[in-house]
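Hi,

Here is the structure I said I would pass on. Have a look at it first, and then read my notes below.

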Amino acid sequence: MEARARRRGVPLAWGRDGSALRGYAARMQIADRTIGYRRYSVAGRHIVDTWILAQFYDVAARDLPSYGLKDMARHFGVASSDRTYLPPEDIPRIFQEDPDRLMAYARDDVMETLALSAILSPAYFVQAQALPFDYQTTVLRGNATKVDALLLREYLHRGQAIPAPQSGVAVAGGYTAILQRGVARHVLHVDVASLYPSIMLTQGIFPRSDRLGVAASLLADLKTFRLSAKALAREAPDETRRALLGGLQQTFKILINSFYGYLAFSQGHWNDFEAANRVTAEGRQLVTALVERLEAAGATVIEVDTDGLYFVPPAPSGPSRGVASAADPQEEERLLAALASILPDGIQLELDGRYPAMFSYKMKNYVLLDARGKLVVKGSGLRSRGIELFQRQWMEEVFRLLLTGRRDEIPTLARRWEEDFRAHRVPVKQFMKTETFQDSLVAYQEKLKSGTRNPSAAYELALRSNRPYQPGDQVSFYVAGGGPRVNEAAKLAASWDPAAPDENTGYYIGKLRELYDKFRPLIERNGLVSVAEEEAAAPIQGELF
DNA sequence: GCTAGCTGATGCCCG
DNA sequence: AACGGGCATCAGCTAGCG
């Protein structure tokens, strides 16, 4: 709209005072990545971009197929079944020949955007009422900056000086371990509720420079507010009110969890790295104590990550020991009570889930089968967007067979996939890789020249395409020819022709085989194997089989 | 001259 | 401009081998 208006000489006087829209190139950090976008300001109004809200949402959820409007609308269930879809490349022609159809399409787009905004924006609108930021800024600022702003406001209000941020020292994180690999039956997941904030509150760990004790009272107040919002949401008489209160408590939860991160935030005026270290040390100690207590009770602990763990409860004594068994609910309750009893007052243990089966692969990488038969895949090695779709599908199918007791069907499945590749029955969408640019193309070329990074297929293709790619943009590609360097054989996915498929079949079949080999020992064992024993048997090798 | 194995960088994910 | 801990992949390098 900005470009069209400039071209036609139409002033976009959208300000409440009649002033014009202003826009400028900006970049922002969303979790691990930087995106380039155009930031706008209009006097007296707030521009909140649903595309950015989508990316913030996805930081935690990581379940969006893409950030495009159509995919988003379908994902959130707001796409109407009779909406108009038009192929983008035909839009100029349709505009000429059938403008009404184009307008219907545009109207559907606007309605979907509005519906997405109604889902994704209320949490920020609520925050804007609690923070010394306007609505638009509330969306764009990070959580630690928001905590800092709350402290700043209180100190200024009381006429007190603001300390300078301390320079950073290393902070150790949570305890993570994998004790068993392979297939487990009847798995429980317990976790400590709000581990770090609870430690801060119960142990009184707050920034040393916060002489007024603002952080401590803020955290306590936010926790109280959150719990009452949560209770009110449960009792809310109608859907609208429930959604509002639900958003409120979600927002508080995020802010509450940011207090720990704030301690180690290098730009925070009241940061305190030593305090951050005490919080994580206490967290490691609590979780380790849970592991020890469970093992003493005869449970098999599978994996541990920061504030929770997966385990198989002790089998009833007798000959069935070690065999999957239906749990005795009373015994289970006794075990959980015993577990909770070793935690200090104010630290709550929660039974977070119960799973008929689990496949434990590596730290932070596992698959759960829930009681409804749904498969939950966790970990970068198993569900990363950096893995081609066919690998993720292969894994999903294999893990489902493995966890539902049909592992004898796995070899047939693996063969079928190979045959599909050999017969070019697999479309490009399934074997292309999609990467998001972190650097600008210029920055990439500089790093290459100075030897600080290696060539990457995605950037090389973007450079060859002569299109203006920006950080945050994505490119999809596949491997066509042979050669020693895989990246040199890459081609844009858009250039793949189903009538003349030129993908490197050998390369992809090789990938299928590597995939199978990776999991084969665990599939064949069809049970748990202790990592300690594995390591004792093969102490030198990193790979265990 | 070849290769296994290591290293560093990148990208993505878990809590 | 929240934190640390992990895994997979790639290209380049190097020690060790024949």
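Gly379 puts a backbone N or O atom 2.9 Å from a phosphate oxygen of DNA strand B. This is a predicted model, so please read everything here in that light. Next to Gly379 in the sequence, Lys378 also reaches the DNA: one of its polar side-chain atoms sits 3.5 Å from a phosphate oxygen of strand B. Tyr459 makes a similar approach through its side chain, with an N or O atom 3.4 Å from a phosphate oxygen of DNA strand B.

Zooming out a little, there are 20 residues around DNA strand B, and those that come nearest are Asp32, Arg62, Asp307, Tyr366 and Gly379. Of the strand B atoms that come within 4 Å of the protein, 82% belong to sugar and phosphate. What classes of residue make up the surface near DNA strand B? It has 11 charged, 7 polar and 2 nonpolar residues.

Now the protein as a whole. Chain A has 21 helices and 13 strands. Its radius of gyration is 27 Å, close to the 24 Å that the globule rule gives for 545 residues, so chain A is as compact as a globular protein of that length. Along the principal axes, its C-alpha trace spans about 85 × 75 × 55 Å. Buried residues account for 41% of the 545 in the chain.

One helix I spent some time on is H10, residues 214-235. From first C-alpha to last, this 22-residue helix reaches 32 Å, close to the 32 Å expected at 1.5 Å a residue. Which of its residues are buried? They are Val214, Ala215, Leu218, Leu219, Leu222, Arg226, Ala229 and Ala233. Looking down the axis of H10, the buried residues fall within an arc of 120 degrees, so they line one face of the helix. Thr224, Arg234 and Glu235, on the other side of H10, are exposed.

Last, two backbone oddities to check on your screen. Ala31 is not a glycine, yet has a positive phi of about 55 degrees. You will find Ala31 in the loop between strands S1 (22-30) and S2 (33-41), and with a relative accessible area of 42% it is partly exposed. His186 is not a glycine either, and its phi is positive at about 55 degrees. His186 lies in strand S4, residues 180-192. Is His186 buried or exposed? At 18% relative accessibility, His186 counts as buried, the cut-off being under 20%.

Cheers

Definitions and conventions. Residues numbered from 1 in each chain as written. Chains lettered and ligands numbered in written order. Predicted model: local features only at pLDDT ≥ 70, side-chain atom pairs only at ≥ 80, totals over all residues. Heavy atoms only, no water. Helix = DSSP H or I, 4+ residues; strand = E, 2+ residues; numbered from the N terminus. Expected span 1.5 Å × (residues − 1). Buried < 20%, exposed > 50% of the residue type's maximum accessible area, 1.4 Å probe, protein only. Arc of directions from axis to C-beta. Near = heavy atom within 4 Å. Polar contact = N/O pair within 3.5 Å; in protein donor to acceptor, adjacent residues only side chain to side chain. Nonpolar A, V, L, I, M, F, W, Y, C, P; charged D, E, K, R; others polar. Rg over C-alpha atoms; globule rule 2.2 N^0.38 Å.
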